[in-house]
Amino acid sequence: MTTTNAGSRSHDSGIQVHDPAAVRLVELTLGFWIGQAVSVFARLGIADAFDGQHLTVDDLAARTDCDPQGLRRLLRSLTGVGVVSQVSPGLFALGELGQHLRTDHPQSMRDLAVLQNEPWMWRVSEQLQHAVSTGATPIKNVLGTDYYWNWLDQQPEERRVFDAGMVSVANALQIPTALSYDYRDVHRIVDIGGGLGQVLTAILTANSHISGTLFDQPTTVDDAQQALADAGLADRCSVVGGDMFQAVPGDGDTYLLSFVLMDWDDEHAVRLLRNVAAVLPPHGRVLVLDCLVDHGTDTGPSGHPFHMGRTVDLFQMCMGSARVRSRAEFKDLYTRAGLRLHAVHLPQAPVSLMQVAPA
């Protein structure tokens with residue numbers, strides 16, 4: 001009797017018996033189950049339950065209040081993707097990726113994993129075919145709004161989960177990108193739409209000569225003020241509430257737009273950039289942290305290409321009227337706003353930093 005391996009070759013003859021492309025497509029189409037499994041793993045706090053130990057399924061089940069058989073099957077599904085490893089039959093350890101699902105990891109992605117499995121996200125994303133076929137934005141029919149953040153403002157628990165997920169993204173992607181820049185000539189940064197100020201906090205902490213202003217909606221700035229105070233930055237950073245499409249504070253030599261333009265269509269993006277250009281001093285600069293849809297394709301941990309910007313673009317297509325832009329499209333926005341693209345830092349990274357100057 002001939003036994004074949006899980007790939008596509010016979011053990012005894014080495015003959016190719018499966019089409020590698022077909023096997024790869026099976027992997028891709030089943031991939032959403034892995035995403036679900038990672039999210040459930042995160043939501044149940046299993047990474048924390050390991051507590052640095054090798055544990056049996058029964059021990060983990062007792063610590064997480066799970067059914068042992070169900071938990072065994074979940075863990076088994078995650079052994080091949082780096083979340084857990086099976087040390088011996090029935091004994092598991094936390095893998096490298098699983099470490100990042102601990103709540104105490106400095107770059108924890110636990111909250112992002114939870115967010116990606118939120119029911120409202122699934123309800124909108126399942127309308128992707130409708131968006132592709134018609135060009136319409138599904139979120140209007142699903143959530144009754146043009147932009148997801150309008151809906152989140154009315155849903156406190158969903159907003160809490162979303163904000164926590166965005167903190168994970170900031171820690172893993174935005175902050176390392178922001179800290180790669182040389183701030184020696186910067187004196188005051190105005191962070192437009194900076195949320196709770198995670199990125200600005202990191203910049204100010206690493207550059208003691210800089211002061212800052214956090215600018216966001218009035219409903220956000222109270223929490224931001226407390227977060228900045230907790231970080232010991234109350235004396236170096238002011239907090240201002242307002243509408244960035246009306247005007248922005250005029251006291252900075254550097255303006256930061258971190259993951260802001262990707263959420264808006266061209267009309268709103270140009271309006272915002274014009275407001276920044278109106279107060280930007282001749283020697284000033286705008287730092288834009290965003291994904292570039294045309295950056296080089298990176299190879300993901302699976303060995304297959306992964307392009308974050310092009311994947312996030314599907315989210316934008318379903319969740320509003322924005323999109324992930326190319327370098328040429330960004331240059332067009334800047335030109336229309338009276339600005340010019342001066343340089344692109346980390347052009348091959350999932351998140352790039354564009355330095356923009358007065359025209």
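These exercises walk through a predicted model, each with a worked solution.

Residues are numbered from 1 along each chain as its sequence is written. Local features need pLDDT of at least 70, side-chain atom pairs count only at pLDDT 80 or more, totals for chains, interfaces and linings use all residues, and side-chain values use heavy atoms, with hydrogens and water left out.

**Exercise 1. Confidence**

Task: State the mean pLDDT of the chain, and find where pLDDT stays under 50.

Solution:
- Start with the term: pLDDT is the predictor's confidence in each residue, from 0 to 100.
- The chain has a mean pLDDT of 91. Of its residues, 93% reach 70 or more.
- Residues 1–5 stay under 50. For them the model has 8 contacts beyond four places in sequence. Contact means heavy atoms within 4.5 Å.

**Exercise 2. The two sides of helix 4**

Task: Which residues of helix 4 are buried, and why do they line one face?

Solution:
- Fix the cut-offs. Buried means under 20% relative accessible area, exposed over 50%, and partly exposed in between (1.4 Å probe, protein chains only).
- Helices (H or I, at least four residues) and strands (E, at least two) are DSSP runs, numbered from the N terminus.
- Helix 4 covers residues 57–64, and its buried residues are V57, L60, A61 and T64.
- Look down the axis of helix 4. The buried residues fall within an arc of 100°, so they line one face of the helix. The arc is that of the directions from the helix axis to the C-beta atoms.
- Recall the geometry. An α-helix has 3.6 residues a turn, so residues three or four places apart point the same way.
- Turn to the other side of helix 4: D58 and A62 are exposed there.
- Now list the packing partners of the buried residues. They are helix 3 (46–50), strand 1 (55–56), helix 5 (68–77) and strand 3 (91–94).
- Just after helix 4, D65 has a positive phi of about 60°.

**Exercise 3. Salt bridges within a helix**

Task: For E27 and for E157, name the salt-bridge partner.

Solution:
- Apply the rule: a salt bridge is a side-chain nitrogen of Lys or Arg within 4 Å of a carboxyl oxygen of Asp or Glu. The count comes to 15 salt bridges.
- E27 pairs with R24, with the closest N and O atoms 3.1 Å apart. Both sit in helix 1 (residues 20–29), 3 residues apart, or about one helical turn.
- E27 is partly exposed at 42% relative accessibility. R24 is partly exposed at 22%.
- E157 pairs with R160 at 2.7 Å, N to O. These two are 3 residues apart in helix 12 (residues 156–179), again about one helical turn.
- E157 is partly exposed at 44%, and R160 is partly exposed at 48%.

**Exercise 4. A salt bridge across the sequence**

Task: Which parts does the pair of R325 and D266 tie together?

Solution:
- The side chains of R325 and D266 form a salt bridge of 2.9 Å, N to O.
- R325 lies in the loop between helix 16 (308–319) and helix 17 (327–336), and D266 in helix 15 (residues 266–279), so the pair ties together parts 59 residues apart in sequence.
- R325 is buried, at 0% relative accessibility.
- Follow the shared partners: salt bridges join D266, R323, R325 and E329 into one network.

**Exercise 5. D111 and its contacts**

Task: Where is D111, and which residues beyond four places in sequence is D111 in contact with?

Solution:
- D111 is in helix 7 (residues 110–115). At 26% relative accessibility, D111 is partly exposed.
- Set aside neighbours within four places in sequence. D111 is then in contact with A164, G165 and S168.
- Check D163 too. D111 and D163 are 52 residues apart in sequence and 8.9 Å apart in space, C-alpha to C-alpha.

**Exercise 6. T201 in helix 13**

Task: Is T201 buried or exposed? What do the buried residues of helix 13 pack against?

Solution:
- T201 belongs to helix 13 (residues 198–206). At 16% relative accessibility, T201 is buried.
- Not counting residues up to four places away in sequence, T201 touches L228, A231 and L233.
- The buried residues of helix 13 are V199, L200, T201, A202, I203 and L204.
- They pack against helix 12, strand 4 (188–192), strand 5 (211–216), helix 14 (218–230), strand 6 (237–241) and strand 7 (254–258).
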